[in-house]
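Please look over the sequence and the structure below before reading on, keeping the ligand and the division of the chain in view.

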Amino acid sequence: MSVTEKAAIQTTAAPTTGARGAGIKLAGVEQRYGDPKSSVLALTDVNLEIGKGEFLVLLGPSGCGKTTLMRIIAGLLKSTSGKVEIDGQPLWNGNRRNDKVMEELGVVFQDANMFPWLTIEDNIALPLKLRGVSKTERRKRASELCELVGIKGFEKRWPRELSGGMRQRAAIARALSCKPQILLMDEPFGALDAMTREQMNLELQRIWMESGCTVVLVTHSIREAVFLADRVLLLSPRPGRMDTLKTIEIARPRSAYDQSTPEFQAYELELRKRLDTFA
Ligand SMILES: Nc1ncnc2c1ncn2[C@@H]1O[C@H](COP(=O)(O)OP(=O)(O)OP(=O)(O)O)[C@@H](O)[C@H]1O
Ligand SMILES: [Mg+2]
């Protein structure tokens, strides 16, 4: 990468469409795994501000540290160096996780991870139950969420009775149940077929625009990244560093047809070429 390209890496928050989500600040984030003598540097020098309501997509070769960075933002892993702040509040005070800040976060991973012995409604409302919300209120909220993610009418079904795409919708509903300011998604549609995945991208864009939350999503699909992102952060191979931060200036809401425009394809090509240099 040239010096000018490096200078073009913009590390401040981009203007965004929503305003309700929380901002995320990463400063000097670094992650080493293993004991100090034989440790592996997985991620280094991550300095980034993600704006309130922004949709940020993380892209990069396998093993570059995307999941590591997601686990750090989710408070599931305390980075070996650096700081994470959510709306100006540190995620960690020393070795103690800030539980108040954790309440702002909803997380969706690749497998929907529904509990098979709970109905869809009870799965979705589980985080609310853990917070002592009454049964009547839980039912009401689960019903609203099923409507939001497009699985209305399936509240009383068992997870095994739903398709993979529907289970993934339920997982998104569960992550949204406590009205998080931030939704973190690590390859949420990786296991879905191409058509369902495209449909889910459209739905996710709608859900994001309606909920106004900040989204950080990991994908291996360049197309998915360009379709969904306000900005795409491309990480270099291990140790993962911020390589390219690209603002996608395609108007919202984006439709499936936008993917055939020269503008869309130019973004795709630029990211693909950069990724190819890592191979
Ligand atoms: N718990 C762990 N202990 C030791 N090393 C780990 C651990 N988790 C991840 N790593 C290493 O850190 C690096 C980054 O892993 P990570 O899972 O974050 O990559 P990724 O970008 O999510 O990859 P993929 O695209 O394949 O999901 C890899 O080299 C991996 O082997
Ligand atoms: Mg991963």
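The paragraphs that follow treat the domains, then the ligand, and then some points of backbone geometry.

This is a predicted model, and every value quoted here is computed from it. The protein chain is divided into two parts, of which domain 1 is assembled from residues 22-42, 51-104 and 180-279, while domain 2 takes in residues 114-179. The C-alpha centres of domain 1 and domain 2 are separated by 25 Å, and where the two meet, 16 residues of domain 1 make contact with 12 residues of domain 2. The size of an interface is often expressed as the accessible area that is lost when the parts come together. By that reckoning domain 1 and domain 2 bury about 1200 Å² between them, with 68% of this area on carbon and sulfur atoms. On the side of domain 1, the residues that lose the most area to domain 2 are Pro180, Met200 and Ile207, which together account for 41% of what that side buries.

Which residues come nearest to ligand 1? There are 13 residues around ligand 1, and those that come nearest are Ser62, Gly63, Lys66, Thr67 and Thr68. The largest share of this shell, 3 residues, is supplied by helix H2, which spans residues 66-73. By character, the shell around ligand 1 consists of 4 nonpolar, 6 polar and 3 charged residues.

Individual atom pairs add detail to this picture. In the side chain of serine 62, an N or O atom is 2.6 Å from an oxygen atom of ligand 1, and in the side chain of threonine 68 an N or O atom is 2.5 Å from an oxygen atom of the ligand. Cysteine 64 takes part through its backbone, where an N or O atom lies 3.2 Å from an oxygen atom of ligand 1. Taken alone, ligand 1 exposes 640 Å², and the protein buries 62% of that area.

The backbone also has some features to check in the loops. Arginine 238 and proline 239 are joined by a cis peptide bond with omega about 0 degrees, and proline 239 is placed in the loop between strand S11 (231-235) and strand S12 (242-247). Another cis peptide bond runs from arginine 252 to proline 253, with omega near -10 degrees, and proline 253 belongs to the loop between S12 and helix H9 (262-276). Lysine 179, a residue other than glycine, has a positive phi near 50 degrees, and lysine 179 is found in the loop between helix H6 (164-176) and strand S9 (182-186).

How values were computed:
Residues are numbered from 1 along each chain as its sequence is written. Chains are lettered from A and ligands numbered from 1 in the order in which they are written. This is a predicted model: local features need pLDDT of at least 70, side-chain atom pairs count only at pLDDT 80 or more; totals for chains, interfaces and linings use all residues. Side-chain values use heavy atoms; hydrogens and water are left out. A residue is near a molecule or strand if one of its heavy atoms lies within 4 Å of it. A polar contact is a pair of N or O atoms within 3.5 Å; within protein, one must be able to donate a hydrogen and the other to accept it, and residues adjacent in sequence count only if both atoms are side-chain atoms. Accessible areas come from the Shrake-Rupley method with a 1.4 Å probe; for residues, only the protein chains shown count as cover. Helices (H or I, at least four residues) and strands (E, at least two) are DSSP runs, numbered from the N terminus. Ala, Val, Leu, Ile, Met, Phe, Trp, Tyr, Cys and Pro count as nonpolar, Asp, Glu, Lys and Arg as charged, and the others, Gly among them, as polar. Domain bounds come from an automatic or database domain assignment. Contact means heavy atoms within 4.5 Å. Buried area is the accessible area (1.4 Å probe) that two parts lose on being put together, summed over both.
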